[in-house]
Each structure stands twice: as structure tokens, then as C-alpha cells.
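These are my notebook entries on a structure that is new to me. I looked up charged pairs, one further residue and the confidence values, in that order.

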Amino acid sequence: MSIEPSNDGQSPSSSPTTAPAENTPPIEGTVTPSAKNPDGEATGSGTVPKETGGDSFSQAFEIIEAKAIEKKCTGKMTLDSDGEMVKLIGNCQQVEITGTGNMVVGGRIKDLSISGNGNIVAVNNIEDVGASGVGNLVAWRNDNASAHDSGQSNRLGPDALSGVDLGY
């Protein structure tokens, strides 16, 4: 079976099944998806993570410090627990975090190593940070820290806590 165009005297360019015009301008604009209710209907306003106002380092430090258990620094210490809030007391030489979901604050850490996942650390003064875990946030105040990240989705630096809502 073959389909042949009807030749009713119209030229092919005036047929309604022709290709679009060549000089059509592109469509510009943005699309913002809407949040949905549990029943699948759009609500009209999206849910956006809260941005912390002001100095996010100080806010995070104070929130964690208020709820943390205190641990005195030893020569080399390992935090291998999960979901703890810890305030390190003293000048820490070597701290290794292998646990998951911890929140840690401290005054000074010489050498910090994180191989755990999802930890939040705020230290006033730190010399060296090494992260090989996933999704860790490490923030510090001093200018001369050295940071090495061989993990994934880690944020290391003075502004690492910007925009983080601890949920407290």
C-alpha cells in the first residue's frame, strides 16, 4: 500500500503538514517544579532547605556545644561511634573520625582525619584535615589550614557550614 499526496492545486509549502518555519525564535524561560502533597497534587510552593542566618559557623558551634558530651583530648583519639554530639576539650594532636552522623566541636585540632560518613565538625583552629569519607562537613576559623579530600561530596573550609540547618 502506498500513500500519495493529493494534488488539489495547493503547493506543498501551503499544506498544513509541512515542516515548521525556519526562522522561528527559540522558546526561553525556566520551569520550577512544584512540591506535591502525599496524594500527588501540586501544592504550589516548593520546600527549600532553610538557610541559616548570620554566622553559620558560630551558630552551628553553639548548637552542637550546648548538646554535646565532653571528651578530653588524648595524644591520638578515635571517634568511632555513630550519631554522637561531642565537644573535644584541650589541644588535640590527632583526631580520627570513623563513625557516621556525628557532630563534633573543638578549640584546636592539629591533625584531623575523617573516613566516616555524614559527620559535621566545627573547630576554631585546625592545621591539617584529611577526608576520605562521604558527605562530611568540616569548618574552621583560622586561615592557614591545609585540607585534602579524597572522598565524595565532602565540604571542607571556613564556609563549609553555610546553609546547613542542624534541625535544632
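**Entry 1: salt bridges**

I searched the whole structure, which is a predicted model, and the search returned three salt bridges. Side chains of opposite charge can pair when their charged atoms come close. I then took the pairs one by one.

**Entry 2: Glu65 and Lys87**

I looked up the pair formed by Glu65 and Lys87, whose side chains meet in a salt bridge with an N to O distance of 2.8 Å. Glu65 belongs to helix α1 and Lys87 to strand β3, residues 85-97, so this salt bridge ties together parts that lie 22 residues apart in sequence. I also asked how Glu65 counts in terms of accessibility. Its relative accessibility is 30%, and Glu65 therefore counts as partly exposed.

**Entry 3: Lys71 and Glu84**

I next recorded the salt bridge between Lys71 and Glu84, in which the closest N and O atoms are 3.4 Å apart. The two residues link distant parts of the chain, 13 residues apart: Lys71 is in strand β1, whereas Glu84 is in the loop between β2 (76-79) and β3. Strand β1 covers residues 69-72. For accessibility, I noted that Lys71 is partly exposed at 28% and that Glu84 is partly exposed at 24%.

Which residues does Lys71 contact once its neighbours within four places in sequence are left aside? I found Met77, Leu79, Glu84, Val86, Lys87, Leu88 and Ile89. Glu84, the salt-bridge partner of Lys71, is thus listed together with Lys87, which I had already met as the partner of Glu65. For one of these contacts, Val86, I also took the C-alpha to C-alpha distance from Lys71: 6.8 Å in space, with the two positions 15 residues apart in sequence numbering.

**Entry 4: Glu127 and Arg108**

I then turned to Glu127 and Arg108, which form a salt bridge with the closest N and O atoms 2.3 Å apart. Here too the pair links distant parts of the chain, with Glu127 in strand β5 and Arg108 in strand β4 (residues 103-114), 19 residues apart. I recorded a relative accessibility of 35% for Glu127, which counts as partly exposed. Arg108, at 23%, counts as partly exposed as well.

**Entry 5: Asn136**

I left the charged pairs and looked up Asn136, which is found in the loop between β5 (120-131) and β6 (137-140). Is Asn136 buried or exposed? Its relative accessibility is 0%, and Asn136 therefore counts as buried.

I next listed what surrounds this side chain. A polar atom of the Asn136 side chain lies 3.3 Å from the backbone nitrogen of Gly118. Not counting residues up to four places away in sequence, Asn136 touches Ile114, Gly116, Asn117, Gly118 and Asn119, and also Ser153, Asn154 and Arg155.

**Entry 6: confidence**

Finally, I checked how confident the predictor is. The protein chain has a mean pLDDT of 79, and 67% of its residues reach 70 or more. I compared the elements: helix α1, residues 56-67, has the lowest confidence with a mean of 91, while strand β7, residues 146-149, has the highest with 97. I noted that pLDDT is below 50 over residues 29-38, a stretch with 13 contacts in the model beyond near neighbours in sequence. Residues 42-53 are also below 50, and this stretch has 21 contacts beyond near neighbours in sequence.

Note on methods. Residues are numbered from 1 along each chain as its sequence is written. This is a predicted model: local features need pLDDT of at least 70, side-chain atom pairs count only at pLDDT 80 or more; totals for chains, interfaces and linings use all residues. Side-chain values use heavy atoms; hydrogens and water are left out. Helices (H or I, at least four residues) and strands (E, at least two) are DSSP runs, numbered from the N terminus. Contact means heavy atoms within 4.5 Å. Buried means under 20% relative accessible area, exposed over 50%, partly exposed in between (1.4 Å probe, protein chains only). A polar contact is a pair of N or O atoms within 3.5 Å; within protein, one must be able to donate a hydrogen and the other to accept it, and residues adjacent in sequence count only if both atoms are side-chain atoms. pLDDT is the predictor's confidence in each residue, from 0 to 100. A salt bridge is a side-chain nitrogen of Lys or Arg within 4 Å of a carboxyl oxygen of Asp or Glu.
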